[in-house]
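Reader: Please take a close look at the salt bridges in this structure, with attention to where the paired side chains lie and how accessible they are.

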Amino acid sequence: MIGWALAFLLCSQAAVKFTAEVDRPEVGLDESLTLRLKLVADESLALPEPTASAPDFDEVNSYPQTFLRNLWVNGKISVETQLTLTKVLRPRRQGTFQIRDLEAVVAGQKLTAPPITVTVVGAGRGTPPSVS
């Protein structure tokens, strides 16, 4: 995974993991980039949408996906909640830029991830997205 970061938080009894990633580190000026911000909690929680600042990109689309999964592991039932916010971004100009201020606030606690660096090259010269 490119540009990922983890943050853990104990809120009540729940452990929450926050990750941020892009589908590729280099994109052409005529292409779009996918940013995924994911929160995973080890119990049923109402998770807020994470935020990010990408001033050198236009947001083409943004959509959240929420999953609630029941697990049966070693004779115990548990629940996992996952929220993924996907943002489709289009670069405004060539250069090397950062997507920063990657954060989510869960139960009053701020989870953060380090900035993600993206290089924007000329039209038609970007790398293909990674398949995940």
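Author: A salt bridge here is a side-chain nitrogen of Lys or Arg within 4 Å of a carboxyl oxygen of Asp or Glu. The model is a predicted one, and a search of the whole structure finds seven salt bridges. One of them joins Arg93 and Asp56, whose closest N and O atoms are 3.0 Å apart, so this pair satisfies the cut-off of 4 Å. The pair links distant parts of the chain, for Arg93 sits in the loop between strand E7 (76–91) and strand E8 (95–106), while Asp56 belongs to the loop between strand E5 (51–53) and strand E6 (57–73), the two residues being 37 residues apart. Their surroundings can be described as well: Asp56 is buried, with a relative accessible area of 13%, whereas Arg93, at 46% relative accessibility, counts as partly exposed.

Another salt bridge is formed by the side chains of Arg24 and Glu31, with an N to O distance of 3.4 Å. Arg24 is buried, its relative accessible area being 7%, and this residue also takes part in a network of salt bridges that links Asp23, Arg24 and Glu31.

A further pair consists of Glu103 and Lys110, whose side chains meet in a salt bridge with 3.9 Å from N to O, a value that counts because the cut-off is within 4 Å. In this pair, Glu103 is partly exposed at 24% relative accessibility, and Lys110 is exposed at 54%.

How values were computed: Residues numbered from 1 in each chain as written. Predicted model: local features only at pLDDT ≥ 70, side-chain atom pairs only at ≥ 80, totals over all residues. Heavy atoms only, no water. Buried < 20%, exposed > 50% of the residue type's maximum accessible area, 1.4 Å probe, protein only. Helix = DSSP H or I, 4+ residues; strand = E, 2+ residues; numbered from the N terminus.
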